[in-house]
Amino acid sequence: MALPAKLDRLLTRAEELRHELGTADGSRFGALSKELAELEPVVARVQALREAERARDDAEAMMADPEMRELAEAEFYEQRDRVPALEHEIRIMLLPKDAADERSAILEVRPAAGGDEAGLFASELFRAYQRYAESQGWRFEMLEWDESEAGGIKGASASITGRGVFAKLKFESGVHRVQRVPATETQGRIHTSTVTVAVLPEAEEVDVQINESDLRIDTYRASGAGGQHVNKTDSAVRITHIPTGTVVAMQEEKSQHKNRAKAMKVLRARIYEAQRQALAGARAADRKGQVGTGDRSERIRTYNFPQGRVTDHRIGLTLHKVDRVMMGEMEEIFSALMAEDQAARLAAEGE
């Protein structure tokens, strides 16, 4: 359907919703209000577009009058340029939304290749995400922090709560590569290590049906550095979802009950994301032009400390401020990834 026809239908639907709200009650009122609230930002931009089109056409007509020509020309060129910009903005707003975009997220960071250095970088990258989350006003709750003897981590996870968290962070899933001279390197040689990151949309109980009979729950004594409860009580919990083989272990809390609750939160998120990925794979084998698949085996970014640069390989973006990125200044990267994803989806829709 051509864009003008789509916009006419959208404006008509908004008017219908306003009319229906006058007589609706209960759950019907809530559903209509939600639909209208989602349409209103687009309606406002459509109205701005129609006004710009009228102003452009009026100015073009006025240009026939010699006395008004100079003034009309300025208005004509301003509105002529504004119309396609508004059309582009509206096309982006009309793109199909990922139902999970507005959700909170589970972040998991684990060292891959590179031994102790990978563990050290994993802990630094995890903290960078924490700083970014705090800068956005999001709630960052540690779920797991499995520290290694070298001072890095064997793995860490967190629940990041806020509006639109998953939309911002979802492109972070994959392999992150670091190139630098480790503190333990005596010859000054640059080492290459890798870390895997997974970002999962947080799932509610209604999103994923998990039967207790499908779970195997084991308890054991927590291990690792720190904490008086370590190795004294069976507070650690390991949950296995038998149908999918998904395993989640949690030992951060002293309470077995709290560890179980955290483990179930992660388990739901992993199963929910697996279901989303299976559904996406069934839809035309996904978009060929998408920014990334979210596959943890895909190398997505390199942090080169000797050269002070961060390069995102999917979109060819290089920033010469690795130290600032590691302090949580990641907005430029996230915005570029989101813009590239929007451009790919617009192209797929035949813009």
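At what angle do helix α1 and helix α2 pack, and how far apart are their axes? In this predicted model, the angle is about 140 degrees and the axes lie 9 Å apart. Helix α1 covers residues 3-21, and helix α2 takes up residues 26-62. Angles over 145 degrees would count as roughly antiparallel, so α1 and α2 come out as oblique to each other. As for handedness, α1 passes α2 in a left-handed crossing.

Now for the residues in contact. On the α1 side they include L7, L10, L11, A14, L17 and L21, and among their counterparts in α2 are L32, L36, L39, V42, V43, V46 and L49. Charged residues turn up here too: D8, R13, R18 and E20 belong to the α1 set, while R28, E35 and R50 are part of the α2 set.

Then there are the rings. The count of aromatic pairs comes to seven. Take F76 and Y77: their ring centres are 5.3 Å apart and the planes meet at 65 degrees, so this pair is edge-to-face. F76 is buried, at 12% relative accessible area, whereas Y77 is partly exposed, at 37%.

Elsewhere, F121, Y303 and F305 make up one aromatic cluster. F305 also has a charge over its ring: the charged end of R180 sits there, 5.1 Å from the ring centre. A similar arrangement involves R127, whose charged end sits over the ring of W145 at 4.4 Å from the centre.

Key
Residues numbered from 1 in each chain as written. Predicted model: local features only at pLDDT ≥ 70, side-chain atom pairs only at ≥ 80, totals over all residues. Heavy atoms only, no water. Phe/Tyr/Trp six-rings, centres within 6.5 Å; stacked < 30°, edge-to-face > 60°. Buried < 20%, exposed > 50% of the residue type's maximum accessible area, 1.4 Å probe, protein only. Lys NZ or Arg CZ within 6 Å of the ring centre and 35° of its normal. Axes fitted to C-alpha atoms, helices over the stretch in contact; angles between N-to-C directions. Helix = DSSP H or I, 4+ residues; strand = E, 2+ residues; numbered from the N terminus. Parallel < 35°, antiparallel > 145°, perpendicular 65-115°, else oblique. Left-handed = near helix turned anticlockwise from the far one by under 90°. Contact = heavy atoms within 4.5 Å.
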